[in-house]
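Please open the model in a viewer and keep the selection tool at hand. The tour proceeds from one selection to the next.

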Amino acid sequence: MIFPTGRGIAFVAAAPLVALLLAALTPKLWLLGPAYLGVVILALVGDFLLAMPRRRLGIAFDPPDMLFVGETATATLDLTPDGGRIPRLIEATIDHGATVEMPALLQIPLEGRQTIRTEIPLLPRRRGTVPLTMLWLRWTGPYGLIRIQVKQPLDALLKVVPNIRAVRAAAIALMRQDASFGIKDQRQLGDGSEFDALRDYQPGFDRRGIDWKHSARHRRLVSKEFRSERNHQIILALDTGHLMREPIGGIPRLDHAINAALLLSYASLKGGDRVGLFGFDARVRLRAEPLGGVDRFPRLQRMTAELDYAAAETNFTLGLTLLSQQLQRRSLIVLFTDFVDTVTAELMVENLGRLSGRHLVLFVTLQDPEFRAIVDAAPDSISGSMEAVARSVVADELRKERLVVFEKLRRLGVQCLEAPYNRVGTDLINRYLAIKQREMI
């Protein structure tokens, strides 16, 4: 496609003015006006003929195979000019989905006939698939009178998955510190509840480990050895309702929860436990039976990538009842969810209390930094605006109601964890290790 530039339009629009001016000042020279227009048209045609044609431009676009939520990746665009008057600058833009951020307009300077590689930053904000449909390029002729615009179909589909790179890095760092809590099979007196072996009692052993029956039979003191229990059952329950769609730090709460859940699943599988998934909102979206082995981690990753963002309100009665019916043995249930106040959390608290009668429930929610900033704002910083004062008062009331909900859950035997979005994975692992150390499952 060919378009005149602003300069070309200005030269053409000036032709009638030049003709009228010559006719008014020197009527005999009025023919110079049409001659001026003819020169301008010839210049436009010459600019088009001298410009680099589309067939002389090599285009190669290479998108990344996979993108991780909240992590910048790069796609490469190679342009190879080969013929005509090579322009100094080519402008480029890509039609893309709204869930990925990238520069709106790229300005690519050319240097002769050599290939120019441009790296395009891509920042995904949500999981899913993002289509890249069309690449648009435009450049001007050597005189700057016309603009050539071309389009190149891309038909690229970017896959945005949870950020497992951060999961693996954090898990590897934590694995070095948790050997005594069941991640590595170590036999330590007094630790764990699973019987391992009998051995002769030695001074310094825990006297509570003496097996008096076997000691009487062997006529010498015999002590029991225990080890940390393995093969626990961990259920990661993810609320996919409308509250989990709200962004924190530019990423939806659900994606922060999935990243933390994957971190916990990697550590649990590494420690010999079995991990299952359960996703729900108004209905059950995902159900995966608990399985063991680190080789199951890619399966969990693919399944969490399929969890979509729902606009419906979460039905805790339906979801948690079906989850309870599914479990045949005592499990650690880690629920990632959120709530607003005591009224909206009433059914959630009731069903969690019922669930905690048989299982150990860990309730995980995220701290909102903007909410905390409003609550913790100094009085002198908000005194100038009644709206700001009202917002601070309402935020403080909501904070108090959240504390009431947490207190109710703790009285029902539910473990509670509220952490910043950038630290929830680490805090969750620490709580998980503390639970295993205390043999609470």
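Contact here means heavy atoms within 4.5 Å. With that in mind, select Leu236: leaving aside residues up to four places away in sequence, Leu236 touches, among others, Ala261, Leu264, Val334 and Phe336. The model is predicted, so local features need pLDDT of at least 70 and side-chain atom pairs pLDDT 80 or more, while totals for chains, interfaces and linings use all residues. Residues are numbered from 1 along each chain as its sequence is written, and side-chain values use heavy atoms, without hydrogens and water.

Next, add Leu332, Val334, Phe336 and Leu428; together with Leu236, they have the most contacts inside the largest nonpolar core, which has 41 residues. Such a core is a set of buried Ala, Val, Leu, Ile, Met, Phe, Trp, Tyr and Cys residues joined through side-chain atoms within 4.5 Å; buried means under 20% relative accessible area, exposed over 50%, and partly exposed in between (1.4 Å probe, protein chains only). Helix α5 (residues 253–270) supplies the largest share of this core, 11 residues. Helices (H or I, at least four residues) and strands (E, at least two) are DSSP runs, numbered from the N terminus.

Now select Leu79, Ile116, Leu135 and Trp139, which are included in a second, separate core of 37 residues. Leu79 stands opposite Ile116 in β8. Strands β4 (residues 73–81) and β8 (residues 116–124) run antiparallel and are joined by seven bridges; two strands pair if DSSP finds at least two bridges between them.

Finally, select Ile41, in helix α2. Ile41 is partly exposed, at 44% relative accessibility.
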